[in-house]
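Biologist: I should like to examine how the terms applied to this structure are justified. Please set each value against its criterion.

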Amino acid sequence: MNSIKNVPARVLSRRPGHSLEAEREQFDKTQAISISKAINTQEAPVKEKHARRIILGTHHEKGAFTFWSYAIGLPLPSSSILSWKFCHVLHKVLRDGHPNVLHDCQRYRSNIREIGDLWGHLHDRYGQLVNVYTKLLLTKISFHLKHPQFPAGLEVTDEVLEKAAGTDVNNIFQLTVEMFDYMDCELKLSESVFRQLNTAIAVSQMSSGQCRLAPLIQVIQDCSHLYHYTVKLLFKLHSCLPADTLQGHRDRFHEQFHSLRNFFRRASDMLYFKRLIQIPRLPEGPPNFLRASALAEHIKPVVVIPEEAPEDEEPETLIEISTGPPAGEPVVVADLFEQTFGPPNGSVKDDRDLQIETLKREVETLRAELDKIKLEAQRYISQLKGQVNTLEGERNQGLREEAEKKASATEARYNKLKEKHSELINTHAELLRKNADTAKQLTVTQQSQEEVARVKEQLAFQMEQVKRESEMKLEEQSDQLEKLKRELEAKAGELVHVQEALSRTEQSGSELSSRLDTLSAEKDTLSSAMRQREADLLAAQNLVREKEEALSQEQQRNSQERGELQGRLADKESQEQGLRQRLLDEQFAVLRGTAAEAERILQDAVSKLDDPLHLRCTSSPDYLVSRAQAALEAVSALEKGHTLYLASRSDASALVAALTQFSHLTADTIVNGGATSHLAPTDPADRLIDTCRECGARALELVRQLQDQQALQQAQPGLVRNPLQGILQLGQELKPKSLDVRQEELGAMVDKEMAATSAAIEDAVQRIEDMMNQARHASSGVKLEVNERILNSCTDLMKAIRLLVTTSTSLQKEIVESGRGAATQQEFYAKNSRWTEGLISASKAVGWGATQLVESADKVVLHTGKYEELIVCSHEIAASTAQLVAASKVKADKHSPHLSRLQECSRTVNEMAANVVASTKSGQEQIEERDTMDFSGLSLIKLKKQEMETQVRVLELEKTLEAERVRLGELRKQHYVLAGVVGTPGEEEPGRPSPAPRSGTSKKPPLAQKPSVAPRQDHQLDKKDGIYPAQLVNY
C-alpha cells in the first residue's frame, strides 16, 4: 500500500487535534500495515523495519493483543510461506517484545499447534519447516512460563542462573533436562533448514534461500545462551552427584555440542549471515565435566548483531478525515493533488484527468452522505436517551435498571456505528489516495478494490446485525414500553435508509473498480506479452549454450571413464587372483588347525587307556555300542567331506565339520571302550583295549595326513572303519545274553506284569474286605476297633496303589507312543531293554508288596502274626512304588500331565502307608498289656539283683540288634548282587568291583576323579562304611 509523500503544510494545519481514539486508530492502522507487509506470501525474508514496528507496538500497548487480533485472521492454512513468516515474526516478538507477550501467546497455543499439525501432515517443503518451527515455539512458551526467571531472550547473569537452579539437586537435574529439550528443538529446526538448502554461497544470496535462513538468526542467539547455561548446570551437577549417574547427561551434551558446532560452522561460511550476525566459534572439544577446574577454561559464546544502517523508509502519514470539510474543501484537495503530483500538462485535460475529477466528485458525494448518516445516527441516539430519561421517572427501580441496561446497549450500538463511520471515512480517504496513485501506477489498484469491498461487506453485515439486535431487544419489551417500541421500530426504518445509502455508495465504488480494472488489464496484457517473448528468447539462447557445453563435457568424461575402467578391470583381475589364492590358503589353514586340535583330542583319549586314574571309570556295553555306531557314521561323513574338499579346495567347511565330529566321537568311543573293559572279563577286556589302541593309531595317522598338503590326497578315512567295527562287535558280545533271547518278549512281559500287579491289588482289596467281615464276627470291643482301623488303613493303601498302577500304565503308554516313532511297541521295548527291565522289576515289587501286606494283616487280625511285619510291609510298599515312579519318570516328558498325576499318586501312597504304620502302632499299644511296675515289696538286695539282670538283658538285646543289623546288611548286599545279574554278563570275574547302583537314570556313570586309589574287593568292604557292591541297571 503506497502512501502520499510530502503532504502540504496547509493540509496538515487544517487537521483537528488527535484524540486518544484517533491515536488508537492510527496505532491499529500502523500495526495492520506492518503485519501485512511482514507476513505475506512472497518468498523473501521478513524486513527488519516491519518486524521492529510490530515489536515496538507490543511495548506501546504492553502486550500482543493487537498483533494477535490481526494475526488470527491471516489465512495461514492456505500458504506454507505465509505460515513460515508468521512463525518467524512470532519468534522475534517473543524474544524482543514486551514481557506480557508471553502470556498473550499462551492463550493461542492451540492455534499454533493446529497450524503445525496441519502442515506436518502435508507434503510441502515449507510445511515441514512450519511443523518443526511450531514445536520450537510451543517449547519456548512452556519453558519461559515455567521458569519466569529466564526472559524470552534468554539473557540472564550467572547470579540469576544460580538462583533459578537453587540448591536442590533434583531441581538442577530437571532444569538441565528441560534445557536439553529446548536445545534439541532449536537444533532440529536448523538441521531441517540446511537439509532443504544447498549450502553453496549462491543459495544464501537468493531470496528463496534467505527466506528459509532468516529465522536461524534467532536460533543462533537462543543456542548460544542455552549452551552456556547447560555447561554451568552440568558442572554444578557433577559437583553434587557421582559421575556414573550423569553418564546420560554427558552423552546427550556431547551429541548436542557436535551438532551445535557444526551448525555454527556452516552458518559462518554463508555470506547471508556474515553481514547480519557475528557467530561465535565453539572449542574443538566439549568441556571435561569430570575435572572441576575445566570450568575456568570455559568461555561464554557471545553473539553480536551489527548495527544496521537506517533504511529508506516511506512515511506512512495518512490524510485524516474525521470531520466534515469546510465549504472550501475541493480547492484544498485540488491543491493537494497539484503539490503532490504536479500541475496538469497543458491547459487541455486528458481522459485520466477527467476520470480523476469524476472520482473526486463521487468521493465528495459519498462523504456528504456519510456525514448525513452520522448526524441521523446522533439524532437517533439522542432521542433514545431522552426516551430512556422519561421512562426512568415513571417506572420503579427494577424497570429503571432495565432501562439503564438498554440505554447502555443503545450507546454501545452507537459507538459501533461511530466506529463503522470512522472506518468508512478512512476507507474513502484510502480511495482518494489510491486514485491519486492510479494516475502514476495502475497496477496496485486490485488490492485497494478488495479492501474496499471487504469493508463494505463488513459494514453491510454489521448494519444488518444491528438491525437484528434492535428488533430482538424491541420484542422483549413489556406492554408498559409499547410507545418506546414503536419509536424504536421507526428508527429501525431509518437504519434501512442508511443501509440503502450505503448500498448506493457500494455501487459507485463498483463502477470505479470496473474502470480501474479496464486500465490495469490493458497494461498487464502488453507487459506480459513483452516479458514472455523476452523470456522465450533468453531461454532458447541458454538452452543452446547448455547443450553445447554438456556435449563437450560428456565426450571428455566418456574418454576418462573408459581409461579408468580399463585400469580398474586389470586391478580387479589381479586382486581376484590374489584373493582366490588367499582363500585357498585360509581354508587349508582352518583345516590344518582343526586336524591339529583333533590330533590332541585323540591323543588325550588314547592316553586315558594307560591312565591309572581311569581304572575307576566304568561304562555299559550298550553305551559303547551307541558311541561306536555314531563314530562309524562320522567316518562316512568324513569320507564325503574329504571327497568334496579334493573336488573344490575353496570350501573346507564340510570336511572341517566332519573332522570335528569324527574326532570327538572316535575319542569318546576309545574312552568308553576303556571304561567298558574295566567291567568285562579278562580276554574280552584285553581284545577291547587292543582294538581301541589300533583305532586311535589309525585315527592319529589320518589326522596327521590331513595336516600335510602332499599327503592330503592319499588320506583314506575308511581305514578307521575296521577297528571301529571291531569295537562295535566286542560291545555287542559284552551285552547281556539273557536280554538277547527275550527282547521280542519284553513288550508282552511289561503288559503282563502290569496286569498281574493290578490283579494282585484287586485281590488284596477283596481279601481285606473278607477279613474285615470275619473280624466283625470273631472279635468285639477294643480288638474289633483296632482290627477295623488297621484294615481300613490297609484298604485305603490298596486303593491308592491301584490308582498309582493305573496312572503308571497311562504314562507308560504315553511314553511308548511319543518315543517309538515308526517302530512297533515291541521294538521300542526291545530298544530300551534296560528301562523295560527296570519297569518290570518295579511292577513285580509293587504286586509282591501288596500280597505280603494282605498276608501280614490277616495274621495280625487272627493274632498269629506280628505288628512289626505289617509295618515292614508298609515300608516295602512305599519303596516299591517309589521305584515304579522313578522307572516311569526316566523317559517321561517333565511337562506331561500323566507324570504330574503319577507323582501325586506316589505322595498319596506314602501318606496311606504312613497311616497304616500309625494305626498299627496305636493298635499295638492298645492291645498289648503292660505290667505295672510295683517295686514296693522288694528289698535292696533284690532291687540290685533285678537291676543287674536288666542290664544283662539290655546288653544281650543290643548284641542281638547289632547281629541283626549285620545280617540285614548282608541280605541287602546279596539282594543287590542278585538284582545285578540281569544287567551283568555271566563271565564277569568276581574280583572286579561293580559300580554303585543308579535307579531311574539313562545317563552313563560319571567318571571317578579320586587319585591313585586301588579299588577294594567285595571282601574288603567294611560294613560300617554303609557301601555294598551293586550292579548298574540302566532304565
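**Charges, rings and cysteines**

Modeller: In this predicted model, Arg-212 lies over the face of Tyr-126, at 4.3 Å from the ring centre. The charged end of Arg-266 is likewise placed over the ring of Phe-194, 4.4 Å from its centre.

Biologist: What makes the pair of Phe-67 and Trp-68 edge-to-face?

Modeller: The structure holds 17 aromatic pairs. In the pair of Phe-67 and Trp-68 the planes stand at 75° and the centres are 5.7 Å apart. Angles over 60 degrees count as edge-to-face, and centres must lie within 6.5 Å, so the term applies.

Biologist: Why is Trp-68 called buried?

Modeller: Its relative accessible area is 2%, and buried means under 20%, so Trp-68 qualifies. Phe-67, at 1%, is buried by that criterion too.

Biologist: Why is the pair of Phe-143 and Tyr-182 called tilted?

Modeller: The planes of Phe-143 and Tyr-182 meet at 55°, with the ring centres 5.2 Å apart. Stacked requires under 30 degrees and edge-to-face over 60, so this pair is tilted. Phe-143 belongs to helix α8 and Tyr-182 to helix α10, 39 residues apart.

Biologist: How do you know that Cys-873 is not in a disulfide?

Modeller: The closest cysteine sulfur, in Cys-794, is 9.3 Å away from that of Cys-873. A disulfide needs the sulfur atoms within 2.5 Å, so the distance is too far for a bond. The count for the structure is zero disulfides.

Note on methods. Residues numbered from 1 in each chain as written. Predicted model: local features only at pLDDT ≥ 70, side-chain atom pairs only at ≥ 80, totals over all residues. Heavy atoms only, no water. Phe/Tyr/Trp six-rings, centres within 6.5 Å; stacked < 30°, edge-to-face > 60°. Buried < 20%, exposed > 50% of the residue type's maximum accessible area, 1.4 Å probe, protein only. Helix = DSSP H or I, 4+ residues; strand = E, 2+ residues; numbered from the N terminus. Lys NZ or Arg CZ within 6 Å of the ring centre and 35° of its normal.
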